[in-house]
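Visitor: I am new to this structure and would love a close look at one part of it. Could you pick a helix and walk me through the charged pairs along it?

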Amino acid sequence: MIRQPGSDDSTPTPEELRARVEGTREELGMEVEEAAGKTADVKEQAQAKAAELEETTQAKGAELKAQAQAQVKGAELKGQAQVKGAELKGQAQTRAAGAKAQAQVKAAEVLERTPQPMREKAYQVGESARTNVKPLIGFGLAVLAVCVVVSRAGRR
């Protein structure tokens, strides 16, 4: 029995084997290229995602840093405001006490200059004012006028 090339029960010739090997190489080459393309695509996607995450992280970090700085500055300003408020309160109390003392001295001076009959009349008007407020207002204006007159007379 003679074997003919290309028959199913025959042994392949070297050219056929080379052709098969070449076909297999081409198929494998295409599969490798396809796999490499997919790998490159996945790598690019991973790099893009990593860059995006890094950018987001930096932005969030900058935002948190700014918030922390604002909180620190706010606390600092609050402390300064409390110190300044305490200073101003103390100054106001000191000035108020001084003004009160001056007013008491002036009131005592006016009282010393006011004649006794006028003091008695003022006391009577004060007592009646406790029962009726309108006359008190009128009396207060009258006393003010008298004080002004007495004060000007004392300066001459």
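Guide: Here is a walk along helix H1, with a short stop at helix H3 at the end.

This is a predicted model, in which local features need pLDDT of at least 70 and side-chain atom pairs count only at pLDDT 80 or more, while totals for chains, interfaces and linings use all residues. Residues are numbered from 1 along each chain as its sequence is written, and side-chain values use heavy atoms, with hydrogens and water left out.

Helix H1 covers residues 14–113; helices here are DSSP runs of H or I with at least four residues, strands are runs of E with at least two, and both are numbered from the N terminus. For residues 36–63, the unreviewed UniProt entry gives the feature "coiled-coil region". UniProt positions follow the numbering used here, feature names are shortened, and annotations may be inferred rather than shown by experiment. In the model this span is 100% helix and 0% strand, and its end C-alpha atoms lie 40 Å apart.

Now to the charges. Side chains of opposite charge can pair when their charged atoms come close. The structure holds 6 salt bridges, each being a side-chain nitrogen of Lys or Arg within 4 Å of a carboxyl oxygen of Asp or Glu.

One of them joins Glu34 and Lys38, at 3.5 Å from N to O. These two residues of H1 are 4 residues apart, about one turn of the helix. Glu34 counts as partly exposed because its relative accessibility is 49%, whereas Lys38 counts as exposed at 53%. The classes are buried for under 20% relative accessible area, exposed for over 50%, and partly exposed in between, using a 1.4 Å probe and protein chains only.

Further along H1, Lys60 and Glu63 pair at 3.9 Å, N to O. They sit 3 residues apart, again about one turn of the helix. Both partners are partly exposed: Lys60 has 45% relative accessibility, and Glu63 has a relative accessible area of 40%.

Another H1 pair is Lys106 with Glu109, whose closest N and O atoms are 4.0 Å apart. These partners are 3 residues apart in the helix. Lys106 is exposed at 54%, while Glu109 is partly exposed at 33%.

Last, our stop at helix H3, which spans residues 133–155 and contains Leu144.  Together with Val133, Ile137, Leu141 and Val148, Leu144 makes a nonpolar surface patch of about 480 Å².

How values were computed: Patches are made of residues with over 30% relative accessible area and no salt bridge: like charges are joined within 9 Å, nonpolar side chains (Val, Leu, Ile, Met, Phe, Trp, Tyr) within 5 Å. Accessible areas come from the Shrake-Rupley method with a 1.4 Å probe; for residues, only the protein chains shown count as cover.
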